[in-house]
Structure formats: structure tokens, C-alpha cells
Amino acid sequence: MTFDVRRFDIYRKVPKDLTQPTYTGAFISICCCVFMLFLFLSELTGFIATEIVNELYVDDPDKDSGGKIDVSLNVSLPNLHCDLVGLDIQDEMGRHEVGHIDNSMKVPLNDGYGCRFEGEFTINKVPGNFHVSTHSATAQPQNPDMTHIIHKLTFGEKLQVQHIQGAFNALVGANRLESNSLASHDYILKIVPTVYEDLSGKQRFSYQYTVANKEYVAYSHTGRIIPAIWFRYDLSPITVKYTERRQPVYRFITTICAIIGGTFTVAGIIDSCIFTASEAWKKIQIGKMS
């Protein structure tokens with residue numbers, strides 16, 4: 001007695017002379033193939049594309065920074081001479097620096113009557129402030145004009161990433177040229193640590209921030225008006241993390257198999273129902289004729 005392996009074949013073949021092609025079946029087959037091609041291309045596009053997932057957690061992500069944050073500031077004061085412009089930094093750790101000059105540059109504007117201040121410096125990860133003022137000038141002017149335009153204020157590493165809507169430079173374009181020339185300006189910042197992790201696992205650290213501002217006239221103990229541009233900051237304990245992810249290969253293959261199998265099954269059911277109904281209708285018509 002011989003053992004026939006073919007008895008385990010669950011995909012039995014039907015001879016061609018026992019099959020019957022129909023126009024309906026051909027139409028459904030073409031639609032089925034077009035639909036499967038569309039779904040396949042959609043899944044392939046999603047598989048190739050990189051997905052960015054965000055999450056929130058409580059932690060200090062950049063522990064290797066030594067408790068420092070890099071700051072980049074660019075502001076124009078079109079009505080204040082460069083000799084009078086200075087940057088002061090202070091915080092709750094006792095830092096009090098007047099006239100910070102490291103990594104800073106002053107560019108004259110309006111034939112020397114104005115100034116654009118550009119500076120890069122570090123702040124401690126504690127509440128504090130930095131402000132543009134005339135406090136470091138050797139001689140204080142009578143009526144310093146603090147109207148200004150902010151071109152840039154960023155914290156941490158610059159992220160060149162598409163599809164991320166973040167407030168990394170929330171004050172860009174802030175225009176206070178129409179404000180009271182003797183007024184002080186307070187920008188109250190809430191700094192949010194941000195981490196971006198690419199597909200290779202490399203992490204980059206930056207900071208977003210929200211801002212509120214107010215304008216007021218400040219007087220010294222002698223009664224003189226001493227305007228300044230204040231940036232008062234505090235750090236949020238919440239960290240935002242963006243992670244690049246790509247769909248795994250096994251999931252892509254599983255989805256393609258489900259698309260092919262499901263489409264063929266549904267198309268077969270539809271074709272079978274139409275064919276059965278057609279045959280039944282033919283028999284009814286033949287019965288009426290007889």
C-alpha cells in the first residue's frame with residue numbers, strides 16, 4: 001500500500017472544463033486587483049515614511065549639561081546707542097553678572113543711533129532672569145529708549161526637524177517699536193525641556209518655551225526712570241520627547257497578507273452571491289416560459 005502525500009493538499013484544483021467565466025466575475029476581479037494595488041501602495045508609503053511619536057515624562061533629560069542651558073539672543077534697539085546697551089544675568093543660585101560680554105556682539109544701526117545686540121551665553125537650571133539694559137554703562141542716559149524688535153531667543157541645541165510644531169523660538173518677530181519709549185518690558189518664560197531621538201537612537205536636547213509679557217514704567221530709588229527688557233524664566237518639570245519610529249517589517253508583511261486574503265475572500269463572496277442570484281433568476285424566467 002502506497003502513501004499518497006497529495007491527500008494533505010488543502011488547495012484542491014478544479015479542472016478548467018468545470019469552471020465557467022462570467023462578465024460579472026471579470027469585472028469584480030479587475031476591481032479587486034485595482035483595490036489591492038491601491039492598498040498595497042498606501043501601506044508601502046506608510047512603511048517607508050518615518051513616524052514621529054511624542055510623549056511626556058518628568059525628568060531632567062540632559063544630565064550631562066552640568067546644570068547649564070545655552071541661550072541665543074538677538075534683539076534690535078533702533079533708538080539706543082551701542083555704548084549704552086548691556087546684558088545682565090542673575091538667578092536664585094546667587095549669580096549676578098552685570099555687562100556680560102563673552103560671545104556677544106553689538107552692531108550699530110541707524111547711523112550709530114541704534115544697536116543690534118547678539119549674544120550667546122549660558123544660564124543655570126534654576127529660576128532667574130537676564131535683561132538688556134543700560135545698567136553696565138559708565139554714564140546713565142537721561143531717557144533711554146527701550147523700544148525693540150526681537151529677532152531670536154532660543155534655548156539649547158537648534159533642531160532642524162520637519163513636521164514638529166513647537167515653540168522653540170516663540171518670541172521671533174516680537175515688535176515693541178510702537179510702545180512707550182520709557183517703558184520696561186517683562187517677558188515671563190516657562191521653559192520646557194525637549195528631547196528629539198532619531199532612528200539611530202541619537203538624542204538631541206533643546207527647549208521650548210511659552211511666554212507672557214507686560215509693559216510698565218519703572219523708577220529707581222532716586223526717582224529716575226530706568227527701563228529695561230527683562231526675560232524672567234522658570235523651568236517646567238515636564239519633558240517633551242519626540243521619537244522617530246518606522247513600522248517593523250513583520251507588521252508590514254502581515255498587513256499585506258491581510259489585504260490580499262481579505263480582498264480575495266470578500267470579492268469571492270460577492271461574486272458567488274451575484275452568480276447564485278443570476279442563476280436563480282434564470283430558472284425563474286425559464287419556469288414562467290414553460
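Modeller: A polar contact is a pair of N or O atoms within 3.5 Å; within protein, one atom must be able to donate a hydrogen and the other to accept it. The model discussed here is predicted.

Biologist: Which residue has its backbone oxygen 3.2 Å from a polar atom of the side chain of Thr-194?

Modeller: Thr-194 is found in strand 10. A polar atom of its side chain lies 3.2 Å from a backbone oxygen, and the cut-off for a polar contact is 3.5 Å. The residue that supplies this oxygen is Val-192.

Biologist: Is Thr-194 buried or exposed?

Modeller: Leaving aside neighbours within four places in sequence, Thr-194 is in contact with residues including Phe-168, Phe-205, Tyr-207 and Tyr-242. Buried means under 20% relative accessible area. The value for Thr-194 is 0%, so Thr-194 is buried.

Biologist: Which cysteine does a disulfide join to Cys-82?

Modeller: A disulfide is a covalent bond between the sulfur atoms of two cysteines. The count here comes to 1 disulfide. Its S to S distance is 2.3 Å, and the partner of Cys-82 is Cys-115.

Biologist: How many residues apart in sequence are the parts that this pair ties together?

Modeller: The torsion about the S-S bond of Cys-82 and Cys-115 is about 100 degrees, so the disulfide is right-handed. Cys-82 lies in the loop between strand 2 (68-77) and strand 3 (86-91), while Cys-115 lies in strand 6 (residues 114-124). Both Cys-82 and Cys-115 are buried. The parts tied together by the pair are therefore 33 residues apart in sequence.

Biologist: Why does Cys-33 form no bond with the closest cysteine sulfur?

Modeller: Cys-33 is partly exposed, with a relative accessible area of 46%. The closest cysteine sulfur to that of Cys-33 is in Cys-32. A disulfide needs sulfur atoms within 2.5 Å. The sulfur of Cys-33 is too far for a bond because the distance is 5.5 Å.

Biologist: How far is the sulfur of Cys-273 from the closest cysteine sulfur?

Modeller: The closest cysteine sulfur to that of Cys-273 is in Cys-32. The two are too far apart for a bond, at 15 Å.

Biologist: Which strand gives the most to the largest nonpolar core?

Modeller: The largest nonpolar core has 33 residues, and Leu-73 and Phe-130 are among those with the most contacts inside it. Several strands each supply at least two residues of this core, including strand 3, strand 7 (128-133) and strand 12 (229-235). The one that gives the most, with 5 residues, is strand 2.

Biologist: How many residues are in the second, separate core?

Modeller: The second core is separate and includes Ile-28, Cys-32, Met-36 and Phe-47. Its count of residues is 8.

Biologist: What is the bridge partner of Met-105 in strand 6?

Modeller: Strand 5 (residues 104-109) and strand 6 pair in the antiparallel sense over 6 bridges. Their hairpin has 4 residues between the strands, and Asn-110 takes a positive phi near 50 degrees there. In strand 6, the partner of Met-105 is Glu-118.

Biologist: How much of the span 249-270 is helix?

Modeller: An unreviewed UniProt entry lists residues 20-41 and 249-270 for "transmembrane region". Residues 20-41 are 86% helix and 0% strand, with end C-alpha atoms 32 Å apart. The end C-alpha atoms of residues 249-270 also lie 32 Å apart, and the helix share of that span is 100%.

Definitions and conventions:
Residues numbered from 1 in each chain as written. Predicted model: local features only at pLDDT ≥ 70, side-chain atom pairs only at ≥ 80, totals over all residues. Heavy atoms only, no water. Buried < 20%, exposed > 50% of the residue type's maximum accessible area, 1.4 Å probe, protein only. UniProt positions renumbered as here; feature names shortened; annotations may be inferred. Core = buried A, V, L, I, M, F, W, Y, C linked by side-chain atoms within 4.5 Å. Pairing = 2+ DSSP bridges. Contact = heavy atoms within 4.5 Å.
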